[in-house]
Amino acid sequence: MVIMVKYRLFEPRLAPRRTKLEVPGWAGEPQPRRDGSREQAWHCMPFVEGAQYGMELIYPYDNELHVSKRGGRIVLEGDFGPDPATGIQWPPFRSFGENYYTYQLLLDLDADEDIAVRTEPHPRFYTSDADDVPIAVPALLHTSWWPMISFVVFKAPPEGRTHIFRPGEPFMQLLFLPGSCDFELAPMAEDEAAERELRGRRIHASRETLGRDSRWLSSTNTVFDATYRRLLRAAREKAKKRSA
């Protein structure tokens, strides 16, 4: 399924693009899949697919912005230069209550009528050891009828921590999802549960065959193999043949 998303930039350096996995970088180091390597985020296919599912935005300003909390108050430290006098909020960041702050996102997106845009933390939030990645608060925007510049809300760090926006670095991600999600939860029928249990046991039993030549032991004694990746590849090929 191809979703058409058109955009209008009020700040060209925001540079919207499909989220890229950076190796070396926030997704880990180029450690090969072999015995003795340290496991990396990019070794995990569900994470790789999730991380690259949306669009990332690049911090467009020339100087870093440091966000911290002191004495219960949000502190925003950064030099944005003089007000460009274009009518936009300046500086583009401001506190929002005691635990949040906002950014005036100089970007207008137009997705299909049945598609909504969801704001998310950038996936590097989950891989950073420094705990310095901004946390975009999830929100759903129906852009087909909202042609406006929107405010993105971020969660402030706790006392003693600093979140940093760096020039040229991705700072949040956008996902494109169905505008409404009506679903029901129901327990599986016995035959459905039994069928899935059987499939799971078959995969487990065949793992020695499916993943034998790709099996490796990380430096923390975690076993890895390519079973999931190979089944994913097969599922994609099957889906292509069905749609052809």
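In what sense, and over how many bridges, do strand 1 and strand 8 pair? In this predicted model, strand 1 (residues 5-9) runs antiparallel to strand 8, and the pairing comprises 5 bridges. Within this pair, Lys6 is placed opposite Asp110 of strand 8. Strand 8 itself spans residues 107-111 and is mostly covered, with 4 of its 5 residues buried.

Asp110 also belongs to a surface patch of negative charge, in which it is gathered with Asp112, Glu113 and Asp114. Glu113 is located in the loop that links strand 8 to strand 9 (115-120). The relative accessibility of Glu113 is 71%, and this residue therefore counts as exposed, the cut-off for that class being over 50%.

Strand 9 takes part in an open sheet of 5 strands, arranged in the order 2-3-14-9-11 with antiparallel pairing. The edges of this sheet are formed by strand 2 (17-18) and strand 11 (139-141), each of which pairs on one side only. At the edge formed by strand 2, the antiparallel pairing with strand 3 (residues 55-58) extends over 2 bridges. Arg17 has Glu56 of strand 3 as its bridge partner.

Beyond strand 11, the chain enters a loop that leads to strand 12 (150-155), and Met148 is situated in this loop. Together with Trp145 and Trp146, Met148 forms a nonpolar patch on the surface; the combined accessible area of these residues is about 370 Å². Met148 has a relative accessibility of 42% and so counts as partly exposed, a class that lies between the limits of 20% for buried and 50% for exposed residues.

A further set of pairings centres on strand 4. Strand 4 (residues 65-70) is joined by 4 bridges to strand 13 (residues 162-165), and the two run antiparallel. Strand 4 is also paired in the antiparallel sense with strand 5 (residues 73-77), in this case over 5 bridges. His66 takes part in both pairings: it stands opposite Ile164 in strand 13 and opposite Glu77 in strand 5. Strand 4 and strand 5 constitute a hairpin with 2 residues between the strands, and Gly71 adopts a positive phi near 60° in this hairpin.

Note on methods: Residues are numbered from 1 along each chain as its sequence is written. This is a predicted model: local features need pLDDT of at least 70, side-chain atom pairs count only at pLDDT 80 or more; totals for chains, interfaces and linings use all residues. Side-chain values use heavy atoms; hydrogens and water are left out. Two strands pair if DSSP finds at least two bridges between them. Patches are made of residues with over 30% relative accessible area and no salt bridge: like charges are joined within 9 Å, nonpolar side chains (Val, Leu, Ile, Met, Phe, Trp, Tyr) within 5 Å. Accessible areas come from the Shrake-Rupley method with a 1.4 Å probe; for residues, only the protein chains shown count as cover. A salt bridge is a side-chain nitrogen of Lys or Arg within 4 Å of a carboxyl oxygen of Asp or Glu. Buried means under 20% relative accessible area, exposed over 50%, partly exposed in between (1.4 Å probe, protein chains only). Lys and Arg count as positive and Asp and Glu as negative; His and the chain ends are not counted. The place of a charge is taken as NZ of Lys, CZ of Arg, CG of Asp or CD of Glu.
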